[in-house]
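Q: I have a structure in front of me and would like to learn how its features are read. Could you take me through them, one at a time?

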Amino acid sequence: MKEGLKQPLWAPLDPENLLDPYPMYARLRTHDPVHHSQTKEWIISRYSDIRDVLRNPAFRAGNRLEWLSRGVKYFNYDEDLRFIHEAINTFFLFLNPPEHTLIRSYVVKNLAEFKVEKLIERVVNDRLRQLNNQEFDLVTDYAQPLPVSVIADIMGLPASDCLYLRSLGVRMHRSLDLYHSYKDLVNLNEASRSFIEYFQLHIRQKSDHPDESLISKLIRNRPDMISEAQLISICIFLFIASEETTSSAIGTGLWHLIQNPEHYSMLRSHPTKVEIAVQELLRYDAPVQIVGRIATTDSLLGGREIPAGDSLTLLLASGNRDDAFFADPDTLNLERVPNHHLAFSAGPHRCLGDWLGLLQMQKAIASFVQRFPTVELLSEPPEWNKNLAVRGLRTLRVRVG
Amino acid sequence: MTKDEIAGFVKQSIIEETGIDASSINQEAPLSTLGIDSLSAIVILNRIEDHYHTELNPLCFWDHPTVGEFTNFLCSHLKAE
């Protein structure tokens, strides 16, 4: 840090930590695993504590939703930011039982019917066919266009909208950030408004002309307790939860493989090992690094007393590097079994689209490795997103052989 | 711009947002006891960003948690630019 001051233990916006957060996570686990930070929240970094909090209903979800909702009210005299609240109020990531249980099972039931294997293969092969140059950007030309095409197809949205949807998704993702500036919130509000208008239009069209898409199924089977406005929020969440997370996982995963040529060639010669390998890539460097909770009762965690009402920041990606749980956690071991990592969270909020994300990672990584015998990195150090809530590469120039 | 000017602007921004009495603001005063929370901090930082045409890390209030420390941080941040 500049000014010759001592770096705080929790410095999630520090450029060095954004580049590589794992040394900061290791310091937290070693020196203060249940850390009361300068921001007055609790930073939880050990695997067992994180898992216990995720499984304990006394710690409820929704701290970002509540904070953003308070913010919308607080800033109201300056600017109307209500679209943020409208867009995110039914993100089931932020909800608690009984509402969470109802909405989650409604989405799971309708999503489970989709057979996506052929779709993913087609999308990956189409993309690979377009990579004809020796040099290209692995993130923007390959990893990013894949998940948006898959989720747009499942939801029944026009393929020609993918670029627009991605640009909105990137901005909307900031709702999951840990800390915001005022300008971030204004930008988030504009993205929210555009997303709401977009899904309003498509839900109306699909109500008039139903098809076999996920949106049509969600309209048809919508329980009375879920309003149409909530359905819009659910659609926004399904889009952003499946899009940036998966593209980040593909980009980061390939980056680690390229840096470790022995792993890269192992996967080339043993394509069936990709299922176990992607689990390890997720453990080693997950896209969703952080989730939040609120304590509903006074509780004890790692010997510290946490008062009711306090916020907790759970460092999933730190738990995944905890040597009390994983042997040799800083080594990428593509054959690690079992691998009970926290990349999809745990407990009642465990990712419901894990199967969809895993299948896309498997196909995208295995096909890439098969297609290109050698890959050289041209941009070092790579450029990362400016937040740890969703960690992903922005760009990665490569030369293939 | 001098350090006094910057200190004056920081103080005035805090007073405007929190409505706190000027006499209760001293250099050692922790920002949290002046009625600044995570929401009012955003408004104050935005005002400072607009006034000095700069960008501030949303965590800088919490990393420099007294009026004096924050003012020192802001002075070196603005000079460093």
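Q: Which residue stands opposite A:Val34 in strand 2 of chain A?

A: The general idea is that strands of a sheet pair through backbone hydrogen bonds, either parallel or antiparallel. In this predicted model, the residue that stands opposite A:Val34 is A:Ile44, in strand 2 of chain A. This is one place in the pairing of strand 1 of chain A with strand 2 (residues 42-44) of chain A, which is antiparallel and runs over three bridges.

Q: In what order do the five strands of the open sheet in chain A lie?

A: The five strands of this open sheet of chain A follow the order 1-2-8-5-3, and the pairing is mixed. At the edges stand strand 1 (34-36) and strand 3 (59-60) of chain A, each with a single partner strand, so that one side of each has no neighbour in the sheet. The mixture can be followed from pair to pair: strand 2 and strand 8 of chain A pair in the parallel sense over three bridges, whereas strand 5 and strand 8 of chain A are antiparallel over five bridges, and strand 3 and strand 5 of chain A are antiparallel over two bridges.

Q: Which residues are the bridge partners of A:Ile43 and of A:Val291 in strand 8 of chain A?

A: In strand 8 of chain A, A:Ile43 has A:Thr313 as its bridge partner, while the partner of A:Val291 is A:Leu314. On the same strand, A:Ser311 stands opposite A:Ile294. At the edge of the sheet, A:Phe59 stands opposite A:Ala295 in strand 5 of chain A.

Q: How many residues of strand 8 of chain A are buried, and on which faces do they lie?

A: It helps to know that in a regular strand the side chains alternate between the two faces of the sheet. In strand 8 of chain A, five of the five residues are buried, so the strand is largely enclosed by the rest of the structure. Both faces are covered, with A:Ser311, A:Thr313 and A:Leu315 buried on one side and A:Leu312 and A:Leu314 buried on the other. For strand 5 of chain A, five of the six residues are buried, so this strand too is largely enclosed. Lying across strands 1, 2, 3, 5 and 8 of chain A is helix 3 (residues 47-55) of chain A, which runs at about 125° to strand 8 of chain A.

Q: Which strands are the edge strands of the sheet with the order 4-12-9 in chain A?

A: This open sheet of chain A has three strands and antiparallel pairing, and its edge strands are strand 4 (135-137) and strand 9 (375-377) of chain A, each pairing on one side only. Neighbouring strands of the sheet are turned by 35° against each other on average, direction ignored. Strand 4 of chain A is joined by three bridges to strand 12 (residues 397-400) of chain A, and the two run antiparallel; here A:Glu135 stands opposite A:Arg399.

Q: How are helix 10 and helix 11 of chain A placed against each other?

A: Two packed helices are described by the angle between their axes and the distance between the axes. The axes of helix 10 (residues 162-172) and helix 11 (residues 182-208) of chain A come within 9 Å and cross at roughly 140°, and the two helices are therefore oblique to each other. Their crossing is left-handed. On the side of helix 10 of chain A, A:Leu168, A:Arg171 and A:Met172 take part, meeting residues of helix 11 of chain A that include A:Leu188, A:Ala191 and A:Phe195. By class, this contact has five nonpolar, three polar and one charged residues.

Q: Is A:Asp328 buried or exposed?

A: The count of neighbours decides this: A:Asp328 has 9 other C-beta atoms within 10 Å, and is exposed. Its place is in the loop between helix 16 (316-319) and helix 17 (354-371) of chain A. By contrast, helix 9 (residues 145-155) of chain A is mostly covered, as ten of its eleven residues are buried, among them A:Ile151. Between A:Asp328 and A:Ile151 there are 36 Å in space, C-alpha to C-alpha.

Q: How many residues of chain B are in contact with chain A?

A: There are 15 residues of chain B in contact with 14 residues of chain A. Helix 2 of chain B gives the largest share of this side of chain B, six residues.

Technical notes. Residues numbered from 1 in each chain as written. Chains lettered and ligands numbered in written order. Predicted model: local features only at pLDDT ≥ 70, side-chain atom pairs only at ≥ 80, totals over all residues. Contact = placed C-beta atoms within 7 Å. Helix = DSSP H or I, 4+ residues; strand = E, 2+ residues; numbered from the N terminus. Axes fitted to C-alpha atoms, helices over the stretch in contact; angles between N-to-C directions. Parallel < 35°, antiparallel > 145°, perpendicular 65-115°, else oblique. Left-handed = near helix turned anticlockwise from the far one by under 90°. Nonpolar A, V, L, I, M, F, W, Y, C, P; charged D, E, K, R; others polar. Pairing = 2+ DSSP bridges. Buried ≥ 20, exposed ≤ 12 C-beta atoms within 10 Å, placed from the backbone.
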